[in-house]
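Reader: I'm new to this one, so could you walk me through it at an easy pace?
Author: Gladly; let us put it up first and then take it piece by piece.

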Amino acid sequence: MVSEGGKSKLAIFGLGFFGIKLLEKLSKKWEIIGIDISEDNIKKIAEKFSDRENIELITGDASSILTWKKIKLQNIRYIVSTIKDTDVSLEICRIAREVFNLDSSIMVMLFDESREEEFEKYDISIIKPAEIITNAVVSKIEKNYTIATNIGLGKGEIIEVNILSKSHLVDRKLKYLKPSKWKIAAIYRNGELIIPSGEEKIKVGDRVIIIGDPVVLENLVNILLKGIPQFPLQFGTDFGAVYHKKYKKSFEEASYFKRNTKAHKLLIYPFRGYDVRKDFEYIKKTVDNFEIKTAVNDFFEFLKTKDSIGVHVIPFIKKPFLNWFFLKKVFKTAKKPFLLSRGTFPYKGIVVSLNSSDPAFTLEIGIEISRLMKIPFEAIFGVMPSELRGIEEEEALKERNGIISDFEHIYKTGIRYSVLEGNPVKETLKYLKEKEDHLLLLSFNKNEEISIFNPNVPFYIAKESKLSTLCIPLEESYE
């Protein structure tokens, strides 16, 4: 353990370019022990810093216990490794934690980022020089956004974006964005700080501070700066599908959908121990980029996987009574969008149901997918006839009409939009009978009750529709 008495010290392993820079910056205020394997290097550094009595230099192999025995370990508050050899840095961590039981803060400059997980058990901080330098260069070149490298975790989880006129998110209320793994923390407008609420809108010229998952933020920049469709990257990088010989049609639909979006890979989960090896050639012909994952025993285990899945694909064959209980559990379990696969692909068009607690967000996703797939889309809203509507339903209709008008203004084009008067579920299903080979898109409020006595419109439309249906759960909001 680090002793309580005496002056705090800093140990730097590796006195190359980065190590010397640290000596220059920190030796005016800190007692420093510098360790390097090169005797010549130590001599040069000793000459350079001959006027600094607070620097102690040691020649030796950082991964050797013999070298560590030369170091006065009492009162070492920080240990820094700038050594490029990842194995040596790992050994430094192991010796500090397991041999000498030091509770000093350890920082490792990691040059081989693929091995980051190996350091997790030692409770240390990872610094990635390549990432920091790259982000700094990008921030200089791409003047419309900046990645924070000196606050937070420094991993790109905080960015600042200048909103351009070409972004189709301009003039959208934040409550319609429904972020997944990101959030707008602040807006700077005309020299003033705005703490965002659900009613706030993003304006051209705003500087927006966004925090969240670095991978998600990287994709979000393309939407904010250029209006480039990124689905499903705002939810996760990949599609996920179960695999069994009886679900090949759904597997093919998953591959088709993935191929026509920005998803990176199709993650394949063998279902109930099915041996995918005997179908490997078929899989290779069907999917352009895939990864076979650990088998799952049921669909709910599949929905709970912790991989970065933006869309889960679920085979859904109508079994009248049992489907009610199964789909209810899917609605309650899912945290990411899921496709109820009925095999109505390749899609000729997209139908967006606005019977949702957040119709603007649902329409936004529908437009993104239609642009990626280069197929038409339309919006529908089922509502009771005017003579039977209450105040709440009139307001809902007015809101949908306003959203359609707003989106037509944003995209500078007309949107095909149909108001279906009558029972919302029955009228929607009747309308969809004429839409073979289409994708249905809807969203639902995860907190809304689903029961035989509660007319949860999105749930019953999803259950009874004959179209493949993309369902988006909603639960996060700025409100």
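**The open sheet**

Author: This is a predicted model, and a good place to begin is an open sheet of 6 strands, which has the order 3-2-1-4-5-6 and parallel pairing.

Reader: Ok, and which strands stand at the edges?
Author: Strand 3 (55-59) and strand 6 (125-127) do, and each has a single partner strand, so one side of each is left without a neighbour in the sheet. From one strand to the next, the twist averages 15°.

Reader: How many bridges join strand 4 to strand 5?
Author: There are 4 bridges between strand 4 (residues 76-81) and strand 5 (residues 105-109), and the two run parallel. Within that region, Ile 79 stands opposite Ile 106 in strand 5.

Reader: And which helix packs on the sheet, touching strand 2 and strand 3?
Author: That is helix 2 (residues 39-48), whose direction makes about 165° with that of strand 3. Helix 4 (residues 86-99), for its part, lies across strand 1 (9-13), strand 4 and strand 5, and runs at about 175° to strand 5.

Reader: Switching topic: which residues touch the most other members in the largest nonpolar core?
Author: That core has 48 residues, and the ones touching the most other members are Phe 231, Phe 257, Tyr 347, Leu 363, Ile 369 and Leu 470. Helix 11 (residues 359-373) supplies the largest share of this core, with 8 residues.

Reader: What does Leu 470 touch, then?
Author: Leaving aside residues up to four places away in sequence, its contacts include Phe 231, Phe 257, Val 311, Pro 337 and Ile 369. Apart from this core lies another, of 38 residues, among them Phe 299, Ile 314, Val 457 and Ala 462.

Reader: How many aromatic pairs are there in the whole structure?
Author: A search finds 31 aromatic pairs. One of them joins Phe 251 and Tyr 282, and it is tilted, with 6.1 Å centre to centre and 45° between the planes. Phe 251 lies in helix 7 (residues 248-259) and Tyr 282 in helix 8 (residues 280-286), so the pair ties together parts that are 31 residues apart in sequence.

Reader: Is Phe 251 buried or exposed?
Author: Phe 251 is buried, with a relative accessible area of 1%, whereas Tyr 282 is partly exposed, at 21%. In another pair, the ring centres of Phe 299 and Phe 326 are 5.7 Å apart and the planes stand at 75°, so that pair is edge-to-face.

Reader: And the protein overall, how many helices and strands?
Author: It has 14 helices and 21 strands, and of its 479 residues, 52% count as buried.

Note on methods: Residues numbered from 1 in each chain as written. Predicted model: local features only at pLDDT ≥ 70, side-chain atom pairs only at ≥ 80, totals over all residues. Heavy atoms only, no water. Core = buried A, V, L, I, M, F, W, Y, C linked by side-chain atoms within 4.5 Å. Buried < 20%, exposed > 50% of the residue type's maximum accessible area, 1.4 Å probe, protein only. Contact = heavy atoms within 4.5 Å. Pairing = 2+ DSSP bridges. Axes fitted to C-alpha atoms, helices over the stretch in contact; angles between N-to-C directions. Phe/Tyr/Trp six-rings, centres within 6.5 Å; stacked < 30°, edge-to-face > 60°.
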